[in-house]
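Work through the exercises below with the structure open beside you. Try each task before you read its solution.

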Amino acid sequence: MKWVFRFTTYCILVLMLIVILLIILPGIRFLFRPGFFTQFPKSSMTDGGIFPSIVGSLLLMALVFIIVIPLGLLGTIFITEFANKNFSIVLQSLAGTMNSIPSVVYGLFGLSFFCVSLGFGTSLISASLTLSTMAIPFFINNAVEFLRAVPRELREGVIALGANRFETTLMVIKSSKNGLLTTLILTLGRAFSETAPILITGAVFYATKLPTRLTDPVMTLPTSIYAIVMNLGEKSQWMAKGMASLMTSIMILIYSIVQILRRHKNG
């Protein structure tokens, strides 16, 4: 019976590798094309590069990072260290529910609330706030488990040495720093690869200049791939293939870093 599980696992592994290679290989040669990373797209995406899409994605990730770190960490600490048991269960269930909502629904929420009600329009700030709204529950759901994994004896020992609640919490965070770091990387990785929420809140198909204000729209890698595939002809598809290869390579790098950190944590 054991060989059945082993054979099935190997088959699934091979299939996953084939899928990844079929995404990366068709576009990898375009990554070495002159100007691919440094030029604006030209001639209906048949020439030039993906520079504005890279800058737009980096700006989005920077803003998501700035928003998610304090809010996600404070929410996680409150659930694990300060909230009573029943309220903690309610908050974690709420975060779990929000984590399971489809990303396109967050896009519709962002369009209605940030773009229309708050008047931010289709902009970098609308897209980053929408992505952060989606990313914070994901961060809390994962980070809570790492803080709860800190042994109770450590908390009791620190308190016995005369530490107050704040100092004890800092010690708990320090003990779970690798887990929190991997959670943050996974959160940013998920936000980086999302298309639907930013497609309708902050992304444009083509921009003639880089964003200079938070209220400017941006080009991003995932939305540019979608736009090229859906709207342009065969002569432009090379650019989508190059961006797909780049994004997949970045995601492999992100998850490799996460695995290294987890292995380091487990000794």
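The exercises cover salt bridges, a nonpolar core and two pockets.

This is a predicted model: local features need pLDDT of at least 70, side-chain atom pairs count only at pLDDT 80 or more, and totals for chains, interfaces and linings use all residues. Residues are numbered from 1 along each chain as its sequence is written, and side-chain values use heavy atoms, with hydrogens and water left out.

**Exercise 1. Find the salt bridges and state how buried or exposed their residues are.**

Step 1. Set the cut-off: a side-chain nitrogen of Lys or Arg within 4 Å of a carboxyl oxygen of Asp or Glu. The search of the whole structure gives 3 salt bridges.

Step 2. Take Arg33 and Asp47. Their side chains form a salt bridge at 3.5 Å, N to O. Arg33 sits in the loop between helix H1 (2-28) and strand E1 (41-42), and Asp47 in strand E2 (residues 47-48), so the pair ties together parts that are 14 residues apart in sequence. Helices (H or I, at least four residues) and strands (E, at least two) are DSSP runs, numbered from the N terminus.

Step 3. Grade the exposure. Buried means under 20% relative accessible area, exposed over 50%, and partly exposed in between (1.4 Å probe, protein chains only). Arg33 is partly exposed at 29%. Asp47 is partly exposed too, at 36%.

Step 4. Move to Glu194 and Arg190. Their side chains meet at 3.7 Å, N to O. Glu194 is buried, at 13%.

Step 5. Finish with Asp216 and Arg213. Their closest N and O atoms are 3.3 Å apart. Asp216 is buried at 10%, whereas Arg213 is exposed at 55%.

**Exercise 2. Describe the largest nonpolar core and the contacts of Leu60 and Ser53.**

Step 1. Define the core: buried Ala, Val, Leu, Ile, Met, Phe, Trp, Tyr and Cys residues joined through side-chain atoms within 4.5 Å. In soluble globular proteins, nonpolar side chains tend to be buried together.

Step 2. Size it up. The largest core holds 53 residues, and Leu60 is among those with the most contacts inside it. Elements that each supply at least two core residues include H2, H7 and helix H10 (221-231). Helix H5 gives the largest share, 12 residues.

Step 3. List contacts, meaning heavy atoms within 4.5 Å. Beyond neighbours within four places in sequence, Leu60 meets Leu124, Ala127, Ser128, Leu131, Ile198 and Thr220.

Step 4. Check Ser53, in helix H2. Ser53 is buried, with a relative accessible area of 2%. Residues up to four places away aside, Ser53 touches Met219, Thr220, Leu221, Ser224 and Met243.

**Exercise 3. Describe the linings of the two pockets.**

Step 1. Fix the term. On a 1 Å grid over the protein atoms alone, a pocket is an open set of points where a 1.4 Å probe fits, with protein on both sides within 12 Å along at least five of seven lines; lining residues have an atom within 4 Å of a point.

Step 2. Take the largest pocket, about 340 Å³. Its lining has 16 residues, with Thr80, Glu81, Arg148, Arg152 and Arg155 nearest its centre. By class there are 5 nonpolar, 5 polar and 6 charged residues.

Step 3. Take the second largest pocket, about 220 Å³. Its lining includes Ile54, Met61, Phe192 and Leu246. H2 gives the largest share, 4 residues. The classes are 9 nonpolar, 2 polar and no charged residues.

Definitions and conventions. Grid points are joined across faces, edges and corners, and a volume is the space filled by probe spheres set on the points. Ala, Val, Leu, Ile, Met, Phe, Trp, Tyr, Cys and Pro count as nonpolar, Asp, Glu, Lys and Arg as charged, and the others, Gly among them, as polar.
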